[in-house]
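Here is a short tour for a first-time reader. Keep the structure open while you read.

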Amino acid sequence: MKKRITVFLIYVGDESVASTAEILAKDKNVESIVFMSGEGLNKNYLSTKTIRQLADQTDTDFSLIQLEEGSAVTESEYITKMIAAADKYSAGIVYSDFYDKKKEKVIQHPTIDYQAGSIRDDFDFGAFVLIKTKALKKASENLPDYSYAGFYVLRLAISRHHAIKRVAEYLYTRTKPKENKLGEKNFDYVDPKNREVQIEMEKAATEHLEKINAYLTPVFKEIDLDKEEFETEVSVIIPVKNRERTIADAVSSALKQKTSFTFNIIVIDNHSTDETARILKEFVFTDKRVIHIIPGEKDHGIGGCWNEGISHPGCGRFCVQLDSDDLYKDENTLQKIADKFYEEKCGMVIGSYNLTDFNLKEIPPGIVDHKEWTEENGANNALRINGLGAPRAYFTPLIRELKFPDVSYGEDYAVALAFSRKYKIGRIYEPVYICRRWEGNSDSSLTIEQQNKNNYYKDGIRTKEILARQNLSVPE
C-alpha cells in the first residue's frame, strides 16, 4: 500500500539541496517537500520550536527530516526500504547507512544499531531520519522549550514508546561535512563555548532517565576508608605495552610525587616486545617502590591489566591511574587525590587534566575539567557523555570487588558508572594530570568502523547500567 510522506529539507540559500529535492520528488510516496530556511529558523534546525512547526505542517504517514546542512543523493529505492523497515518493526524512527563524498572520493559510512543505552546526544543518525508522523506529533505535544536539544529530546521521547531501527544498507550519498581536527570532537561537551548547549542536553537526558525510572538521586552509601589495613597508602597503576618512548616519563613523574604517606608504582607490562621491559627493569633496580608485573596470560586488555594490579598484595588503600604515555601535572597530584578521598569519603576520585601533544604543547580544548559533573546530577549526566575525566582513582577494596571488564576501551567508563550508582565520586577541578595526544595513542586516527565499535560497546555499557538503575527502584 502506498504510504504518504512529507519531506523536510534544509535550505541555506544555495542550490546544494536542489538535486536532493529533485530525486525525492520523483518518489511515488512523496506527497510534498518543505524547505526549512535557515533565515526563517535563525539557522537553528534543532530547537523544539522547529520540531513543533514540522509536526504542524504534516499529516502524512511519515516525515523524512534532514538533520544537517548539505546535499545528499538518495538511491531510487531509498524511501521504499525505509518505509518497509518502519512497518516491519513498528518503528518510530528509521535511519540507514550511507556513503560520504569528499571531493571525488566516496567512502562507506556505516552506522550502528540503536540500543536503550544510546542516549548520548551525539548518536550518529546520518543526514536523514524517517519518523512516523503520529509519533512525531505525539512526542512534540509536551516538549520543553529548547534552543539546541529539540531533535535530541524528540528522539528520546519517541524511543520511550517506539523502536528506533537502522537499515543496514548504504542508501544515500552525502557531501561530507567539515571534519574536526584529531580528537577535537571528542571534547565538544567539555568546551566552554558549548556550555549553553550542554546544559540543555543534560536537562533533556535527565528528564528521560526520570521517565524510564533510571534516575539516581544523590544519596550515597557510607564508606569506611579505614576498615582494612594496608601497608601502602597509594598505588599508581600503569598498564603498558610497547611504550618505549613514553614509559620512563610516566614512571618518573610518579616517583617525583611528594606525599605525607607511602606509595608505590605497579606497572603491568602486557608482554611488550620493544624496549619497555628493559627500561622498567632499570627503575626496579634503582627504586624499590617500582613493582614490575608481567601477567601469565597474554590476551589481557587494559581492564585485565588493571585487575592484575589491584589484585597484587602490594596494592595500596587507593589505586590511581597513570597511562603509560601520560604524566602527573606536578609533584602534588597523589597528595591531592588522597586528601579528596578522606575529605569527602569517596569511593572514587576523578581529576582534571591538560591536553597536550607529545612535546607537552597544549592543544584544544586545553584544560579538560568535566565541570558538567555536579554532585547533584553527575551520576545521571554521566550516561549522556563519553568520558568522565582523568586521572581516575579508586578505593581499593571496592574496585577489587567490582573489577574491570577485560577490554581495552570503555573499561574505565564501565566501572565509573557502576561506582556512581552507589558511591560518591569526588572531583578535582584543577588540572593534576597531563594527557598527551599523539600518533601512538589507541584512539588516534580511528576508522569509522573502529569508532562505531567503540560507540556500540559504550552504548551497551549504558544499556546494562540503565537496567541496573531501573532494578534499584523495584521493591525486593
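A cavity is a set of grid points, over the protein atoms alone, where a 1.4 Å probe fits but cannot get out. Its volume is the space filled by probe spheres set on those points. Bear in mind that this is a predicted model.

**Cavities**

How many cavities of 30 Å³ or more does the structure hold? There are 2. The largest cavity has about 130 Å³ of space. Its lining is made up of 19 residues. Nearest the centre of the largest cavity lie Pro 218, Phe 220, Glu 375, Ala 379 and Ser 420. Two helices, H11 (378-381) and H13 (411-422), each give at least two residues to this lining. The lining of the largest cavity is mixed in class: 8 residues are nonpolar, 6 are polar and 5 are charged.

**Strand S14 and its partners**

Strand S14 covers residues 348-356, and 9 of its 9 residues are buried. In a regular strand, side chains alternate between the two faces of the sheet. Which residues of S14 lie on each side? Met 348, Ile 350, Ser 352, Asn 354 and Thr 356 are on one side. Val 349, Gly 351, Tyr 353 and Leu 355 are on the other. Both faces of S14 are covered.

S14 pairs with the strands in this table.

| Partner of S14 | Sense | Bridges | Residues that stand opposite |
|---|---|---|---|
| S15 (residues 362-368) | antiparallel | 3 bridges | Thr 356 and Glu 362 |
| S16 (residues 392-395) | antiparallel | 3 bridges | Met 348 and Tyr 394 |
| S17 (residues 425-436) | parallel | 8 bridges | Thr 356 and Arg 436 |

Thr 356 thus appears opposite Glu 362 in S15 and opposite Arg 436 in S17. S14 and S15 also form a hairpin, with 5 residues between the strands. In that hairpin, Leu 360 takes a positive phi near 70 degrees.

**Helix H4**

Helix H4 spans residues 133-140. Its buried residues are Thr 133, Ala 135, Leu 136, Ala 139 and Ser 140. Why do these residues sit on the same side of H4? They cover an arc of only 160 degrees around the axis. An α-helix has 3.6 residues a turn, so residues three or four places apart point the same way. On the other side of H4, Lys 134 and Lys 138 are exposed. The buried residues of H4 pack against two helices and three strands, namely H2 (48-56), H5 (150-159), S3 (62-66), S5 (91-102) and S7 (128-132).

**Helix H7**

Helix H7 runs over residues 247-255. Ile 247, Ala 250, Val 251, Ser 253, Ala 254 and Leu 255 are buried there. What do the buried residues of H7 pack against? One partner is a helix, H8 (276-286). The strands are S9 (234-240), S10 (263-269), S11 (290-293) and S13 (327-328).

**Arg 400**

Arg 400 lies in helix H12, residues 396-402. Is Arg 400 buried, partly exposed or exposed? Its relative accessible area is 25%. Buried means under 20% and exposed means over 50%, with partly exposed in between. Arg 400 is therefore partly exposed.

Arg 400 also meets distant parts of the chain. Asn 307 is 93 residues away from Arg 400 along the chain, yet their C-alpha atoms are separated by 7.6 Å. Leaving out residues up to four places away in sequence, Arg 400 touches Phe 230, Ile 310, Ser 311, His 312 and Cys 315.

How values were computed:
Residues numbered from 1 in each chain as written. Predicted model: local features only at pLDDT ≥ 70, side-chain atom pairs only at ≥ 80, totals over all residues. Heavy atoms only, no water. Buried < 20%, exposed > 50% of the residue type's maximum accessible area, 1.4 Å probe, protein only. Helix = DSSP H or I, 4+ residues; strand = E, 2+ residues; numbered from the N terminus. Pairing = 2+ DSSP bridges. Contact = heavy atoms within 4.5 Å. 1 Å grid on protein atoms, 1.4 Å probe; cavity = no way out; pocket = protein on both sides within 12 Å on 5 of 7 lines; lining within 4 Å. Nonpolar A, V, L, I, M, F, W, Y, C, P; charged D, E, K, R; others polar. Arc of directions from axis to C-beta.
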